[in-house]
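Work through the exercises below with the structure in view. Try each task before you read its solution.

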Amino acid sequence: MNMAEIEKLTGLRGEIKRNEPMARHTSWRAGGCADRAYIPADLDDLRAIVASLPAGEPVYLVGLGSNLLVRDGGLRGTVIFTHGMLKQVRLEGKILHAEAGVPSPKVARFAARHKLAGAEFMAGVPGTVGGALAMNAGCYGGETWNIVESVTTLDRAGQLRQRTRANYYISYRTVILKAGNGGSEAGSEAAAAPSASRLPPHEEWFIAARFKLARGDEAKSRATIKQLLERRIETQPLDQPNAGSVFRNPPNDYAARLIEACGLKGFALGGAMISDKHANFIVNTGNARAADIEALIETAHTAVKQKFGIDLEREVRIIGEPA
Ligand SMILES: Cc1cc2nc3c(=O)[nH]c(=O)nc-3n(C[C@H](O)[C@H](O)[C@H](O)COP(=O)(O)OP(=O)(O)OC[C@H]3O[C@@H](n4cnc5c(N)ncnc54)[C@H](O)[C@@H]3O)c2cc1C
């Protein structure tokens, strides 16, 4: 079934784009095109498109693309953007309800304004709530799933569900739906924390989250946010396109320290460079191809493995075909 047929069948109301350059939608500002990209008009429209896409069609929900590399050969299948829709954030009693397309920093500021504490760390994570839930994004001691009371999800059939933390295996930058809930992991605890690069494609996506926060103090939360953002400006290469930390930190160590100890700070391939400010960041120095970035990731991984015997696990997600 092609997209024109799908449109006729379902009366979709959103915007369809063909051969959409994903460099426009990823913070690395590099990479190939998506065969099709769709910006749903609203949640019902999102449900309709997901349900009407043929079973074999790959579907990718993408937020702000701040943890994503799309290979230069592009993506077969359909990308659905949540940013710009699913953008409601509101209080329900003491619970902060945020839809998946809301930028995480907005959640941090909204919570502070309403005298709720615990979401300050989200101010420095430049993605959406959906991306934060998928990645269990966190920093400076805060972690997304620590403040989640429940989530709303959407499956491939267009069905909505309410889920809680108990439905997932959750650990550092890892969120996996448990078997028996429609999840695809093997069911053993050992399978609970595979590397992000080995995760199966998601067939159930996050639509919204309810965050349970403590009563706080607006001025205190704002001061924490300010301090946290200042620390980032000092330590991260925010003036160049990047995707945050490339690798997860291994237990009791830092990926940046290990990469730096391999002498790789400032090492460049094509238009990509291991940041000379923070060695766990790879920056686009102007015209990086996704292949340059991926080759640098490999270089850092191999160097750390050879020097320290540590197998760094990737945090950034890589999808699509090589050129
Ligand atoms: C400068 C910088 C600093 C960063 N600092 C941090 C940090 O301190 N801590 C941290 O954890 N991360 C950090 N990141 C990485 C990134 O911002 C987070 O992982 C963020 O949560 C990703 O959100 P996103 O909307 O950009 O996701 P995307 O990059 O769009 O997607 C990431 C993954 O999540 C999936 N996804 C997106 N939306 C949904 C959804 N609704 N349902 C299911 N799956 C979905 C995508 O398919 C993809 O696999 C940083 C990135 C940058 C550029």
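**Exercise 1. Find the contacts of arginine 165, then place the residue.**

Step 1. Leave aside neighbours within four places in sequence: arginine 165 is then in contact with Trp145, Asn146 and Ile170. Contact means heavy atoms within 4.5 Å.

Before going on, note the ground rules. This is a predicted model, in which local features need pLDDT of at least 70 and side-chain atom pairs count only at pLDDT 80 or more, while totals for chains, interfaces and linings use all residues. Residues are numbered from 1 along each chain as its sequence is written, and side-chain values use heavy atoms, with hydrogens and water left out.

Step 2. Look at tryptophan 145. Its backbone oxygen lies 3.0 Å from a polar atom of the arginine 165 side chain. A polar contact is a pair of N or O atoms within 3.5 Å; within protein, one must be able to donate a hydrogen and the other to accept it, and residues adjacent in sequence count only if both atoms are side-chain atoms.

Step 3. Locate the residue. Arginine 165 sits in the loop between strand 12 and strand 13 (168–171). Strands (E, at least two residues) and helices (H or I, at least four) are DSSP runs, numbered from the N terminus.

Step 4. Judge its exposure. With a relative accessible area of 36%, arginine 165 is partly exposed. Buried means under 20% relative accessible area, exposed over 50%, partly exposed in between (1.4 Å probe, protein chains only).

**Exercise 2. Move from arginine 165 to serine 150 and describe its surroundings.**

Step 1. Take the distance. The two residues are 15 residues apart in sequence and 6.9 Å apart in space, C-alpha to C-alpha.

Step 2. Place serine 150. It lies in strand 11. Is it buried or exposed? Its relative accessibility is 10%, so serine 150 counts as buried.

Step 3. List partners. Not counting residues up to four places away in sequence, serine 150 touches Gln162, Arg163, Thr164, Ala209 and Arg210. Its side chain makes a polar contact of 2.7 Å with that of arginine 210.

**Exercise 3. Put strand 11 into its sheet.**

Step 1. Check burial. Seven of the eight residues of strand 11 (residues 148–155) are buried, so the strand is largely enclosed by the rest of the structure.

Step 2. Find its partners. Strand 11 pairs with strand 15 (residues 204–212) in the antiparallel sense over seven bridges. Two strands pair if DSSP finds at least two bridges between them. Strand 11 also pairs with strand 12 (residues 160–163), antiparallel, over four bridges.

Step 3. Name opposite residues. Valine 148 faces phenylalanine 211 in strand 15 as its opposite. Threonine 152 stands opposite glutamine 162 in strand 12.

Step 4. Inspect the turn. Strands 11 and 12 form a hairpin with four residues between them. Glycine 158 in this turn has a positive phi of about 85°.

Step 5. Write the strand order. The open sheet has five strands, 6-7-15-11-12, with antiparallel pairing. Strand 6 (89–92) and strand 12 stand at the edges with a single partner strand each, so one side of each is left without a neighbour in the sheet.

**Exercise 4. Which residues of helix 5 are buried?**

Step 1. Ser221, Ile225, Leu228 and Arg232 are buried in helix 5.

Step 2. Look at the face turned away from the buried side. It carries the exposed residues Ala219, Lys220, Lys226, Gln227, Ile233 and Glu234.

Step 3. Find the cover. Over the buried residues of helix 5 lie, among others, helix 3 (104–113), strand 8 (116–117) and strand 9 (138–139).
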